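Subject: Handing over the structure

Hello,

I am passing this structure on to you, and my notes on what turned up in it follow below. Please have the model open as you read.

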Amino acid sequence: MGDIMIGTCSWTDPALVSSGWYPRGRRDAEGRLRHYAAQFPLVEVDSPYYGLPSARNSALWAERTPDGFRFDVKAFSLLTGHPTRPAALPADLRPALARYGGTRRTPPDPALLDEVWHRFAAALQPLRDAGRLGAVLFQLPPWAAPGPRVRAFLEECRVRTEGWRLAVEFRHPGWWAAAERAGTAALLGGLGMASVAVDTAPGLAGSLTPDVPVTSRALSVVRFHGRSRDWGTGTKEDRFRHGYTIGELREWLPRVRAHADRAAEVHVLFNNCCGDAAVRAAEAMRGLVGHTAEEPPRTGAHGNGAAGHTGSDTKGPDRRDAPSASGTGTQEVSCPN
(Lines give C-alpha, C1' and ligand atoms only; values in the text may rest on other atoms or scores of the structure.)
Protein backbone atom coordinates (compact mmCIF):
# COMPACT_ATOMS: atom_id res chain seq x y z
CA MET A 1 0.00 0.00 0.00
CA GLY A 2 1.21 3.49 -0.83
CA ASP A 3 1.89 6.22 1.70
CA ILE A 4 -1.12 8.30 2.79
CA MET A 5 0.08 11.85 3.49
CA ILE A 6 -2.37 14.21 5.19
CA GLY A 7 -2.28 18.00 5.44
CA THR A 8 -4.14 21.23 4.77
CA CYS A 9 -4.33 23.77 1.97
CA SER A 10 -2.69 26.55 3.96
CA TRP A 11 -0.58 26.97 7.05
CA THR A 12 -0.60 30.79 7.17
CA ASP A 13 -4.26 31.62 6.81
CA PRO A 14 -5.09 34.56 9.13
CA ALA A 15 -8.10 32.73 10.53
CA LEU A 16 -5.91 29.76 11.45
CA VAL A 17 -3.28 32.01 13.02
CA SER A 18 -5.93 33.76 15.13
CA SER A 19 -7.64 30.49 16.12
CA GLY A 20 -5.06 29.61 18.76
CA TRP A 21 -3.85 26.45 17.02
CA TYR A 22 -0.28 27.75 16.92
CA PRO A 23 1.31 27.78 20.39
CA ARG A 24 2.87 30.85 21.93
CA GLY A 25 6.35 31.43 20.66
CA ARG A 26 5.59 29.75 17.31
CA ARG A 27 3.45 32.43 15.69
CA ASP A 28 6.05 34.22 13.58
CA ALA A 29 6.55 33.15 9.96
CA GLU A 30 9.35 30.68 10.72
CA GLY A 31 7.76 29.35 13.88
CA ARG A 32 4.43 28.67 12.19
CA LEU A 33 5.92 26.60 9.42
CA ARG A 34 8.21 24.67 11.74
CA HIS A 35 5.28 23.91 14.04
CA TYR A 36 3.01 22.89 11.17
CA ALA A 37 5.70 20.63 9.69
CA ALA A 38 6.08 18.92 13.06
CA GLN A 39 2.38 17.99 12.94
CA PHE A 40 1.86 17.10 9.28
CA PRO A 41 4.08 15.83 6.43
CA LEU A 42 2.30 17.75 3.68
CA VAL A 43 0.84 21.18 2.89
CA GLU A 44 -0.62 22.79 -0.19
CA VAL A 45 0.62 26.27 -1.07
CA ASP A 46 -2.17 28.24 -2.69
CA SER A 47 -0.43 31.63 -2.85
CA PRO A 48 1.29 30.92 -6.21
CA TYR A 49 -2.18 30.78 -7.77
CA TYR A 50 -2.68 34.45 -6.87
CA GLY A 51 0.80 35.70 -7.74
CA LEU A 52 4.05 34.33 -9.09
CA PRO A 53 6.07 32.71 -6.29
CA SER A 54 9.66 33.59 -5.50
CA ALA A 55 12.72 31.38 -5.34
CA ARG A 56 13.66 33.06 -2.06
CA ASN A 57 10.44 31.95 -0.39
CA SER A 58 10.86 28.43 -1.76
CA ALA A 59 14.36 28.30 -0.29
CA LEU A 60 13.07 29.48 3.11
CA TRP A 61 10.29 26.88 3.08
CA ALA A 62 12.79 24.16 2.31
CA GLU A 63 15.12 25.30 5.11
CA ARG A 64 12.31 25.34 7.68
CA THR A 65 10.95 21.85 7.04
CA PRO A 66 12.39 18.39 7.66
CA ASP A 67 13.43 15.80 5.13
CA GLY A 68 10.39 14.04 3.76
CA PHE A 69 8.08 17.05 4.06
CA ARG A 70 6.23 17.93 0.85
CA PHE A 71 4.76 21.11 -0.58
CA ASP A 72 2.03 20.73 -3.19
CA VAL A 73 1.87 23.98 -5.14
CA LYS A 74 -1.10 25.46 -6.99
CA ALA A 75 -0.21 26.66 -10.47
CA PHE A 76 -0.41 30.38 -11.20
CA SER A 77 -3.82 31.52 -12.44
CA LEU A 78 -2.53 32.62 -15.86
CA LEU A 79 -1.24 29.08 -16.41
CA THR A 80 -4.62 27.50 -15.68
CA GLY A 81 -6.85 29.72 -17.80
CA HIS A 82 -8.21 31.90 -14.98
CA PRO A 83 -8.52 35.69 -15.17
CA THR A 84 -5.34 37.24 -13.80
CA ARG A 85 -4.83 40.76 -12.49
CA PRO A 86 -1.79 42.68 -13.78
CA ALA A 87 -0.77 43.30 -10.16
CA ALA A 88 -0.26 39.54 -9.76
CA LEU A 89 2.76 39.74 -12.08
CA PRO A 90 6.15 41.37 -11.60
CA ALA A 91 6.09 45.01 -12.68
CA ASP A 92 7.98 44.40 -15.92
CA LEU A 93 5.35 41.93 -17.15
CA ARG A 94 2.24 43.88 -16.22
CA PRO A 95 1.92 45.96 -19.41
CA ALA A 96 1.80 42.81 -21.53
CA LEU A 97 -0.89 41.29 -19.33
CA ALA A 98 -2.89 44.53 -19.33
CA ARG A 99 -2.93 44.47 -23.13
CA TYR A 100 -4.11 40.86 -23.06
CA GLY A 101 -7.25 41.68 -21.08
CA GLY A 102 -7.76 38.26 -19.50
CA THR A 103 -10.74 36.93 -21.44
CA ARG A 104 -11.62 33.25 -21.32
CA ARG A 105 -11.36 32.65 -25.04
CA THR A 106 -8.28 34.70 -25.94
CA PRO A 107 -5.00 33.05 -24.89
CA PRO A 108 -2.21 35.25 -23.55
CA ASP A 109 0.56 36.44 -25.81
CA PRO A 110 2.88 33.44 -26.36
CA ALA A 111 5.95 35.42 -25.34
CA LEU A 112 4.30 36.47 -22.08
CA LEU A 113 3.19 32.92 -21.37
CA ASP A 114 6.70 31.59 -22.03
CA GLU A 115 8.20 34.10 -19.60
CA VAL A 116 5.62 33.35 -16.91
CA TRP A 117 6.28 29.62 -17.24
CA HIS A 118 10.02 30.27 -16.99
CA ARG A 119 9.70 32.34 -13.82
CA PHE A 120 7.22 29.95 -12.22
CA ALA A 121 9.56 27.02 -12.80
CA ALA A 122 12.58 28.96 -11.54
CA ALA A 123 10.73 29.91 -8.36
CA LEU A 124 9.97 26.28 -7.54
CA GLN A 125 13.49 25.04 -8.26
CA PRO A 126 14.71 25.36 -4.63
CA LEU A 127 11.87 23.07 -3.53
CA ARG A 128 12.77 20.58 -6.23
CA ASP A 129 16.47 20.74 -5.35
CA ALA A 130 15.67 20.07 -1.69
CA GLY A 131 13.29 17.21 -2.48
CA ARG A 132 10.38 19.16 -0.98
CA LEU A 133 8.18 19.64 -4.07
CA GLY A 134 5.28 17.22 -3.93
CA ALA A 135 3.07 18.01 -6.90
CA VAL A 136 2.00 21.03 -8.90
CA LEU A 137 -1.78 21.30 -8.91
CA PHE A 138 -3.53 22.50 -12.04
CA GLN A 139 -7.01 23.45 -10.91
CA LEU A 140 -8.96 24.15 -14.08
CA PRO A 141 -11.82 26.67 -14.10
CA PRO A 142 -15.48 25.60 -14.17
CA TRP A 143 -15.86 26.74 -17.77
CA ALA A 144 -13.07 24.42 -18.97
CA ALA A 145 -15.43 21.80 -20.40
CA PRO A 146 -14.27 18.54 -21.99
CA GLY A 147 -12.98 19.16 -25.48
CA PRO A 148 -9.92 19.32 -27.72
CA ARG A 149 -8.82 22.76 -26.57
CA VAL A 150 -8.43 21.73 -22.93
CA ARG A 151 -6.83 18.43 -23.92
CA ALA A 152 -4.26 20.32 -25.99
CA PHE A 153 -3.66 22.64 -23.06
CA LEU A 154 -2.91 19.70 -20.75
CA GLU A 155 -0.56 18.20 -23.32
CA GLU A 156 1.30 21.51 -23.48
CA CYS A 157 1.51 21.62 -19.68
CA ARG A 158 3.11 18.19 -19.69
CA VAL A 159 5.73 19.29 -22.21
CA ARG A 160 6.58 22.38 -20.16
CA THR A 161 6.88 20.48 -16.88
CA GLU A 162 9.01 17.47 -17.75
CA GLY A 163 10.15 15.78 -14.57
CA TRP A 164 7.44 17.32 -12.36
CA ARG A 165 4.59 15.50 -10.70
CA LEU A 166 1.34 17.10 -11.84
CA ALA A 167 -2.18 16.78 -10.49
CA VAL A 168 -5.31 18.00 -12.29
CA GLU A 169 -8.54 19.05 -10.60
CA PHE A 170 -11.41 19.55 -13.01
CA ARG A 171 -14.07 21.97 -11.80
CA HIS A 172 -16.38 21.22 -14.75
CA PRO A 173 -18.43 18.14 -13.76
CA GLY A 174 -18.47 16.85 -17.33
CA TRP A 175 -14.94 15.47 -17.21
CA TRP A 176 -15.91 12.62 -14.90
CA ALA A 177 -19.44 12.12 -16.25
CA ALA A 178 -20.18 8.66 -17.62
CA ALA A 179 -19.72 9.69 -21.26
CA GLU A 180 -16.28 11.24 -20.66
CA ARG A 181 -14.90 9.22 -17.76
CA ALA A 182 -12.88 6.67 -19.70
CA GLY A 183 -11.46 9.30 -22.04
CA THR A 184 -10.50 11.58 -19.15
CA ALA A 185 -8.76 8.74 -17.33
CA ALA A 186 -6.91 7.78 -20.50
CA LEU A 187 -5.87 11.39 -21.12
CA LEU A 188 -4.42 11.90 -17.65
CA GLY A 189 -2.89 8.44 -17.56
CA GLY A 190 -1.22 8.93 -20.92
CA LEU A 191 0.27 12.23 -19.73
CA GLY A 192 1.36 10.81 -16.38
CA MET A 193 -0.87 13.26 -14.49
CA ALA A 194 -2.58 12.45 -11.21
CA SER A 195 -6.33 12.79 -10.93
CA VAL A 196 -7.78 14.82 -8.05
CA ALA A 197 -10.79 13.48 -6.19
CA VAL A 198 -12.82 16.03 -4.27
CA ASP A 199 -15.30 16.18 -1.43
CA THR A 200 -18.03 18.82 -1.80
CA ALA A 201 -21.69 19.07 -0.90
CA PRO A 202 -23.63 16.66 -3.13
CA GLY A 203 -26.64 17.55 -5.23
CA LEU A 204 -25.69 21.11 -6.18
CA ALA A 205 -25.35 22.42 -9.73
CA GLY A 206 -21.58 22.67 -9.34
CA SER A 207 -21.08 19.55 -7.23
CA LEU A 208 -18.20 17.31 -8.23
CA THR A 209 -18.09 13.55 -8.05
CA PRO A 210 -15.88 12.03 -5.35
CA ASP A 211 -15.52 8.88 -7.45
CA VAL A 212 -12.40 9.51 -9.51
CA PRO A 213 -10.07 6.78 -10.81
CA VAL A 214 -6.37 6.71 -10.03
CA THR A 215 -4.51 7.77 -13.19
CA SER A 216 -0.88 7.79 -12.00
CA ARG A 217 1.06 5.05 -10.24
CA ALA A 218 3.12 7.74 -8.51
CA LEU A 219 0.40 9.90 -6.99
CA SER A 220 -3.27 10.39 -6.27
CA VAL A 221 -4.73 13.51 -4.65
CA VAL A 222 -7.87 14.05 -2.58
CA ARG A 223 -9.00 17.58 -1.68
CA PHE A 224 -11.71 18.16 0.93
CA HIS A 225 -13.48 21.44 0.15
CA GLY A 226 -16.16 21.13 2.84
CA ARG A 227 -19.85 20.48 2.37
CA SER A 228 -21.29 23.96 2.42
CA ARG A 229 -24.56 24.32 0.53
CA ASP A 230 -23.14 27.60 -0.80
CA TRP A 231 -20.47 25.76 -2.81
CA GLY A 232 -20.17 27.49 -6.18
CA THR A 233 -22.52 30.37 -5.37
CA GLY A 234 -21.72 32.03 -2.05
CA THR A 235 -18.83 34.18 -0.89
CA LYS A 236 -15.45 32.55 -0.42
CA GLU A 237 -16.07 32.21 3.30
CA ASP A 238 -19.54 30.77 2.72
CA ARG A 239 -18.24 28.20 0.22
CA PHE A 240 -15.58 26.73 2.52
CA ARG A 241 -17.15 26.97 5.98
CA HIS A 242 -17.61 23.42 7.16
CA GLY A 243 -16.49 21.33 10.12
CA TYR A 244 -16.09 17.68 9.15
CA THR A 245 -17.50 14.99 11.43
CA ILE A 246 -15.85 11.66 12.02
CA GLY A 247 -18.70 10.05 10.13
CA GLU A 248 -18.13 12.22 7.08
CA LEU A 249 -14.42 11.47 7.14
CA ARG A 250 -14.96 7.77 7.72
CA GLU A 251 -16.98 7.62 4.49
CA TRP A 252 -13.76 8.35 2.64
CA LEU A 253 -11.55 5.71 4.26
CA PRO A 254 -12.30 2.89 1.78
CA ARG A 255 -11.77 5.23 -1.15
CA VAL A 256 -8.52 6.68 0.22
CA ARG A 257 -7.18 3.19 0.93
CA ALA A 258 -8.22 2.01 -2.53
CA HIS A 259 -6.23 4.92 -4.00
CA ALA A 260 -3.25 3.92 -1.86
CA ASP A 261 -3.46 0.41 -3.31
CA ARG A 262 -2.88 1.87 -6.77
CA ALA A 263 -0.57 4.84 -6.16
CA ALA A 264 2.75 5.17 -4.35
CA GLU A 265 1.49 8.28 -2.52
CA VAL A 266 -1.95 9.63 -1.73
CA HIS A 267 -2.07 13.31 -0.77
CA VAL A 268 -5.12 14.10 1.37
CA LEU A 269 -5.63 17.85 1.76
CA PHE A 270 -8.25 19.83 3.66
CA ASN A 271 -9.40 23.07 2.06
CA ASN A 272 -12.15 23.98 4.57
CA CYS A 273 -9.82 26.56 6.03
CA CYS A 274 -11.99 28.79 8.20
CA GLY A 275 -10.59 29.08 11.69
CA ASP A 276 -8.86 25.83 12.60
CA ALA A 277 -11.42 23.57 10.86
CA ALA A 278 -8.92 22.27 8.31
CA VAL A 279 -6.20 21.31 10.78
CA ARG A 280 -8.76 19.68 13.09
CA ALA A 281 -10.19 17.66 10.20
CA ALA A 282 -6.67 16.68 9.11
CA GLU A 283 -5.86 15.55 12.66
CA ALA A 284 -9.08 13.52 12.75
CA MET A 285 -8.38 11.91 9.38
CA ARG A 286 -4.88 11.06 10.51
CA GLY A 287 -6.41 9.33 13.52
CA LEU A 288 -8.83 7.40 11.33
CA VAL A 289 -6.06 6.20 9.08
CA GLY A 290 -4.20 5.12 12.23
CA HIS A 291 -7.43 3.86 13.89
CA THR A 292 -7.33 6.37 16.77
CA ALA A 293 -9.61 9.20 15.64
CA GLU A 294 -11.73 11.31 17.96
CA GLU A 295 -14.57 13.61 16.93
CA PRO A 296 -13.13 16.99 15.87
CA PRO A 297 -14.55 19.99 17.76
CA ARG A 298 -17.35 21.78 15.90
CA THR A 299 -18.69 25.25 16.53
CA GLY A 300 -20.94 27.64 14.69
CA ALA A 301 -24.56 27.74 13.62
CA HIS A 302 -26.24 24.36 13.09
CA GLY A 303 -22.99 22.54 13.94
CA ASN A 304 -21.58 23.35 10.50
CA GLY A 305 -19.16 26.11 11.31
CA ALA A 306 -15.40 25.62 11.32
CA ALA A 307 -13.92 24.66 14.64
CA GLY A 308 -12.76 27.76 16.43
CA HIS A 309 -14.52 29.96 13.88
CA THR A 310 -16.27 33.05 15.21
CA GLY A 311 -18.02 34.16 12.04
CA SER A 312 -15.80 37.22 11.54
CA ASP A 313 -12.86 35.72 9.65
CA THR A 314 -12.46 36.91 6.07
CA LYS A 315 -10.76 35.37 3.08
CA GLY A 316 -9.29 38.03 0.88
CA PRO A 317 -7.79 36.37 -2.21
CA ASP A 318 -4.86 38.75 -2.59
CA ARG A 319 -2.71 37.92 0.43
CA ARG A 320 0.31 36.01 -0.81
CA ASP A 321 3.45 34.50 0.64
CA ALA A 322 6.14 37.07 -0.05
CA PRO A 323 9.19 38.43 1.79
CA SER A 324 8.17 40.76 4.59
CA ALA A 325 9.60 44.23 5.04
CA SER A 326 12.27 42.75 7.28
CA GLY A 327 13.20 40.22 4.60
CA THR A 328 12.85 37.32 6.99
CA GLY A 329 9.17 36.46 7.12
CA THR A 330 6.17 36.03 4.90
CA GLN A 331 2.85 37.75 4.49
CA GLU A 332 -0.26 35.74 5.22
CA VAL A 333 -2.13 33.62 2.73
CA SER A 334 -5.90 33.66 2.33
CA CYS A 335 -8.19 30.67 2.25
CA PRO A 336 -7.77 29.06 -1.16
CA ASN A 337 -10.48 28.28 -3.66
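Let me begin with one pair of strands: β2 and β3 run parallel and are joined by 4 bridges. Strands here are DSSP runs of E with at least two residues, helices are runs of H or I with at least four residues, and both are numbered from the N terminus. Two strands pair if DSSP finds at least two bridges between them. Within this pair, V45 has V73 of β3 as its bridge partner.

Before going further, two notes on the source. This is a predicted model, in which local features need pLDDT of at least 70 and side-chain atom pairs count only at pLDDT 80 or more, while totals for chains, interfaces and linings use all residues. Residues are numbered from 1 along each chain as its sequence is written, and side-chain values use heavy atoms, with hydrogens and water left out.

The strands

On its other side, β2 is parallel to β1, with 2 bridges joining them; here G7 stands opposite L42 of β2. In a regular strand the side chains alternate between the two faces of the sheet. In β2, L42 and E44 point one way and V43 and V45 the other, and all are buried. Buried means under 20% relative accessible area, exposed over 50%, and partly exposed in between, using a 1.4 Å probe and protein chains only.

How do the strands fit together overall? They form a closed barrel of 8 strands with parallel pairing, in the order β1-β2-β3-β4-β5-β6-β7-β8. From one strand to the next, the twist averages 25 degrees. Helix α12 (residues 277-289) packs on the sheet, touching β1, β7 and β8, and its direction makes about 160 degrees with that of β1. Such angles run from 0 to 180 degrees between N-to-C directions, with axes fitted to C-alpha atoms, for helices over the stretch in contact. Further round, β4 (residues 133-139) and β5 (residues 166-169) run parallel with 4 bridges, and V136 has L166 of β5 as its bridge partner.

The chain as a whole

The protein chain has 12 helices and 8 strands. Of its 337 residues, 55% count as buried. Among contacts (heavy atoms within 4.5 Å) with a separation of 6 or more, 77% come from residues 24 or more positions apart.

Helix α4 and H82

In helix α4 (residues 55-63), the buried residues are N57, S58, L60, W61 and A62. They pack against α2, β2, α3, β3 and α6.

Is H82, in the loop between β3 and α5, buried or exposed? H82 counts as buried because its relative accessibility is 10%. Leaving aside neighbours within four places in sequence, H82 is in contact with Y49, S77, Q139, L140, P141 and W143.

The cavities

A cavity is a set of points, on a 1 Å grid over the protein atoms alone, where a 1.4 Å probe fits but cannot get out; lining residues have an atom within 4 Å of a point. Grid points are joined across faces, edges and corners, and a volume is the space filled by probe spheres set on the points. There are 3 cavities of 30 Å³ or more.

- The largest cavity holds about 70 Å³ of space, and its lining includes E169, F170, H172 and W176.
- The second largest cavity holds about 60 Å³, with T8, C9, D13 and F270 among its lining residues.

Best wishes

Methods: 1 Å grid on protein atoms, 1.4 Å probe; cavity = no way out; pocket = protein on both sides within 12 Å on 5 of 7 lines; lining within 4 Å.
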